[in-house]
Protein chains: 2
Amino acid sequence: MRKERAELGDLKFKQSVELTLKVIGGKWKPVILCHLTDGTMRFGELKREMPSITQKMLTQQLRELEQDGIIHRQIYHQVPPKVEYSLTEYGITVKELLDVMSAWGERHRERFPSDEAEHAPSEGG
Amino acid sequence: MRKERAELGDLKFKQSVELTLKVIGGKWKPVILCHLTDGTMRFGELKREMPSITQKMLTQQLRELEQDGIIHRQIYHQVPPKVEYSLTEYGITVKELLDVMSAWGERHRERFPSDEAEHAPSEGG
DNA sequence: CTGGATCCTAGAGGATACTG
DNA sequence: CAGTATCCTCTAGGATCCAG
């Protein structure tokens, strides 16, 4: 009983993969999510951890993640402003995803150590 | 013994995630890989399954996947030309990744059925 | 401190023509 | 059939300034 090129099932499969990449993919979202898996963080904190991101991008990506229900935005109406970001209960489910991705990436690095060279010179925390 | 914001471990973690996205991310690679998990496919076959991709992109993406050791390119020197693509033994490890991504994407679609609307009108096999 | 608005660049991705 | 080459578009991402 091998699967016989189920067209429909396959279509849904790949569409789901694409959807996932659309939601948590891109240049910054995965990094942001990695940081938020550690717990709640303020805007400035995130910015500090990612020196090479611009405020615009950070804000933009956070908004999108918020709209997708991945993260929660807690605003403190005070001066100076204070905004905290954290994973929602639903957002926590991405941890599993990040774990698998990270694990695969590490294995890949073992095979192609050169690949990390062109990638390493980014932010270092 | 909770993890205490291990900077270095965290750095490697997020870099691995980024690396993964660099290797199998993008607009087309995941889709291509989804198809190849079904087995060997010819260039034209892939093209047919992905009507909205251009030859250029398909060729380009396949080359990159080949260079990353994910897929194998079998050339038959004949007329007309015949080239077959398949996952390498190493490439098969992405199945696990795709599975997790697909599963997450499906769950996400349940939460945000609207998200599929802006994504559905692509190729339909 | 957080982040909106504006303008700009680079590169991913696309259309088309041509070739062994 | 599979692929290269060229030129073009579009948008993700960036720099900078301004504001509550």
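A polar contact is a pair of N or O atoms within 3.5 Å; within protein, one atom must be able to donate a hydrogen and the other to accept it, and residues adjacent in sequence count only if both atoms are side-chain atoms. Keep that in mind for the DNA.

First, the ground rules. This is a predicted model, where local features need pLDDT of at least 70, side-chain atom pairs count only at pLDDT 80 or more, and totals for chains, interfaces and linings use all residues. Residues are numbered from 1 along each chain as its sequence is written, chains are lettered from A and ligands numbered from 1 in the order in which they are written, and side-chain values use heavy atoms, with hydrogens and water left out.

Let's start with DNA strand D. How many residues surround DNA strand D? There are 19, and the closest are A:Lys56, A:Pro81, B:Phe43, B:Gly44 and B:Arg73. Here, near means that one heavy atom of the residue lies within 4 Å of the strand.

Now the polar contacts. A backbone N or O atom of B:Pro81 sits 3.5 Å from a sugar or linking oxygen of DNA strand D. B:Gly44 also uses a backbone N or O atom, 2.6 Å from a phosphate oxygen of that strand. B:Arg42 uses its side chain: an N or O atom there is 2.9 Å from a sugar or linking oxygen of DNA strand D.

What part of DNA strand D do the atoms within 4 Å of the protein belong to? For 69% of them it is sugar or phosphate, and the rest belong to bases.

Which elements build this surface? At least two residues each come from α4 of chain A, and from α3 (43-49), α4 and β3 (82-87) of chain B. The largest share, four residues, is from α4(A). A word on the labels: helices (H or I, at least four residues) and strands (E, at least two) are DSSP runs, numbered from the N terminus.

By class, the surface near DNA strand D has eight nonpolar, five polar and six charged residues. Nonpolar covers Ala, Val, Leu, Ile, Met, Phe, Trp, Tyr, Cys and Pro; charged covers Asp, Glu, Lys and Arg; the others, Gly among them, are polar.

Next, DNA strand C. It has 18 residues around it, and A:Gly44, A:Arg73, A:Tyr85, B:Lys56 and B:Pro81 come nearest. Of the strand C atoms within 4 Å of the protein, 71% belong to sugar or phosphate.

Three side chains reach phosphate oxygens here. A polar side-chain atom of A:Arg73 lies 2.3 Å from one. For A:Tyr85 the distance is 2.9 Å. For B:Trp28 it is 3.1 Å. Two or more residues each come from α3 (43-49), α4 (55-67) and β3 (82-87) of chain A, together with α4 (55-67) of chain B. The classes near DNA strand C are eight nonpolar, four polar and six charged residues.

Now protein against protein. Helix α5 (residues 94-111) of chain A packs on helix α5 (residues 94-111) of chain B at about 160°, with the axes 10 Å apart. Axes are lines fitted to C-alpha atoms, for helices over the stretch in contact, and angles run from 0 to 180 degrees between N-to-C directions. Therefore α5(A) and α5(B) are roughly antiparallel. The cut-offs: under 35 degrees is roughly parallel, over 145 roughly antiparallel, 65 to 115 roughly perpendicular, and the rest oblique.

Which residues meet? From α5(A), they include A:Val94, A:Leu97 and A:Trp104, and from α5(B), B:Val94, B:Leu97 and B:Trp104 are among them. Contact means heavy atoms within 4.5 Å. This α5 contact has 10 nonpolar, no polar and four charged residues.

Inside chain A, helix α2 (residues 29-36) and α4(A) have axes that come within 10 Å and cross at roughly 75°. The two are therefore roughly perpendicular. A:Lys29, A:Ile32 and A:Leu33 meet A:Leu58, A:Gln61, A:Leu62, A:Glu64 and A:Leu65. Five of these contact residues are nonpolar, one is polar and two are charged.

Chain B, then. Helix α2 (residues 29-36) of chain B and α4(B) also cross at roughly 75°, with axes coming within 10 Å. That makes them roughly perpendicular.

Last stop: cis peptide bonds. One joins A:Val79 and A:Pro80, with omega about 0°. A:Pro80 is in the loop between β2 (71-76) and β3 of chain A. Another joins B:Val79 and B:Pro80, again with omega about 0°. B:Pro80 is in the loop between β2 (71-76) and β3 of chain B.
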